[in-house]
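Hi,

Here is the structure I promised to pass on. Have a look at it first, and my notes on what turned up are underneath.

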Amino acid sequence: MCACLNRLWPVSSPGVEEASREAAESLTPVVSGDALVQEGTLTVGVDTSTVNAPYFILGDDSTLSGMDVDLASALAQQLGLQVRFVSIDDPETALGTTCDVIFEAEDGDIADATVVGSSSQSSVALFHRGEAGSVTLDDVNGKTVGVQEGSVSQGVLENSNLSVTARTYSNLNEAFNALEAGTLDYVLCDAYSGAYLAVSYGDITFAGNLDVPVTRGVAVSNTELAQAVSSAMQTMSESGITSLARVRWVGTLPDLTSDTVVSGVVISENNHATTNESTTGEGDMSTDSGETFENDSTPMDRSTAGSN
């Protein structure tokens, strides 16, 4: 199976490409052409099986936007390179062959790859109407919680010691609309996906994560590029670029740690028993936790968001 679909995505704002080009022209590349798939360019692979908000969002006009578009554009500028995005269907085959880096990777996801930096965190979280901050087991017990049918979040809930009434929905938009309408007390979903939707509502906030978060980073196939990307990602973090990109797409979602876990909740070891498959249809945006968004019903249209 060919790992690359030979498709180059335009980003959603002309300013992103222009800024990347100007930066590449004014800066000296910090990596050699031999370390790149295409000399002078950072080629970012987007796994077509997990294109999802807020990381990558494919607009109706086939332009690409999202948090990782912003981060990748900034990363390329730090490396003195232009940036381009290509679709891939097999990360292991594509990395180092048709693309240089893949975002949202965890250690061990891609064979022979080095994962550097921090782009996001993987965790299942509760969202509610009210003030932001972690709730407790007693706060949630006895309440009504919405989850997407067949998602990892549903499996985590079923294998936790929470005593709640669970209601299932076909996608996260329906669940958040029910939460806003007051027919749910909480929604349980992927933390970043939930935070992305919560920004569109004035009173829905993060209430705590159920599991200890796992850091996601940038997968790189060769040592020279891995060292350069690691250094650039650290600079981006220290200068606030990473935080700016995250705030744009997930609002005030805090850094997830063991301190933000809902106190008193215990998850059994088989907490991923439910299917990880998502029923993605035309116009849907799937998450790697098996959850989907309806593109035409997402409360806030961010198809024109670009890169700093």
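One thing before you zoom in: this is a predicted model. I'd start with a pair of strands, β9 (residues 144-148) and β10, which run parallel and are paired over five bridges. If you want a spot to click on, V145 sits opposite A166 in β10.

Those two belong to an open sheet of five strands, in the order β10-β9-β11-β8-β12, and the pairing in it is mixed. β10 (165-169) and β12 (204-209) are at the edges with a single partner strand each, so each has one side without a neighbour in the sheet. On average, neighbouring strands are turned by 30° against each other, ignoring direction.

Now for what lies on that sheet. Helix α7 (residues 191-198) packs on it and touches β8 (124-129), β11 (186-190) and β12. The direction of α7 makes about 125° with that of β11.

α7 also has a helix partner. Helix α6 (residues 172-181) packs with α7 at an angle of about 55°, the axes being 11 Å apart. That angle is why α6 counts as oblique to α7. Their crossing is right-handed. On the α6 side you'll find L172, N173 and F176, which meet S193, G194, L197 and A198 of α7. Sorted by type, the residues of this contact are four nonpolar and three polar, with no charged ones.

Next, have a look at helix α2 (residues 67-78), as I have two contacts to report for α2.

The first is with helix α9 (residues 241-250): the two pack at about 160°, with axes 9 Å apart. α2 and α9 are therefore roughly antiparallel, and they make a right-handed crossing. From α2 the contact uses M67, D70, L71, A74 and Q78, and from α9 it uses I241, T242, A245, R246, R248 and W249. That set divides into six nonpolar, two polar and three charged residues.

The second is with helix α8 (residues 223-239), where the axes come within 9 Å and cross at roughly 115°. This makes α2 and α8 roughly perpendicular, because angles of 65 to 115 degrees are counted that way. The crossing of α2 past α8 is right-handed. Here L71, A74, L75 and Q78 of α2 meet V229, A232, M233, T235 and M236 of α8. The contact has seven nonpolar residues, two polar and no charged. Note that L71, A74 and Q78 are listed in the α9 contact and in the α8 contact.

On to the rings. How many aromatic pairs are there? The count comes to six. One to pull up is F56 with F85, an edge-to-face pair at 6.4 Å centre to centre, with 70° between the planes. F56 is in the loop between β2 (41-47) and β3 (57-58), while F85 is in strand β5 (residues 82-88), so the pair ties together parts that are 29 residues apart in sequence.

Finally, two backbone oddities. Most residues other than glycine have a negative phi, and most peptide bonds are trans. The peptide bond from A53 to P54 is cis, with omega near 5°, and P54 is in that loop between β2 and β3. Then there is E104, which is not a glycine but has a positive phi of about 60°; you'll find E104 in strand β6 (residues 101-105).

Cheers

Methods
Residues numbered from 1 in each chain as written. Predicted model: local features only at pLDDT ≥ 70, side-chain atom pairs only at ≥ 80, totals over all residues. Heavy atoms only, no water. Pairing = 2+ DSSP bridges. Helix = DSSP H or I, 4+ residues; strand = E, 2+ residues; numbered from the N terminus. Axes fitted to C-alpha atoms, helices over the stretch in contact; angles between N-to-C directions. Contact = heavy atoms within 4.5 Å. Parallel < 35°, antiparallel > 145°, perpendicular 65-115°, else oblique. Left-handed = near helix turned anticlockwise from the far one by under 90°. Nonpolar A, V, L, I, M, F, W, Y, C, P; charged D, E, K, R; others polar. Phe/Tyr/Trp six-rings, centres within 6.5 Å; stacked < 30°, edge-to-face > 60°.
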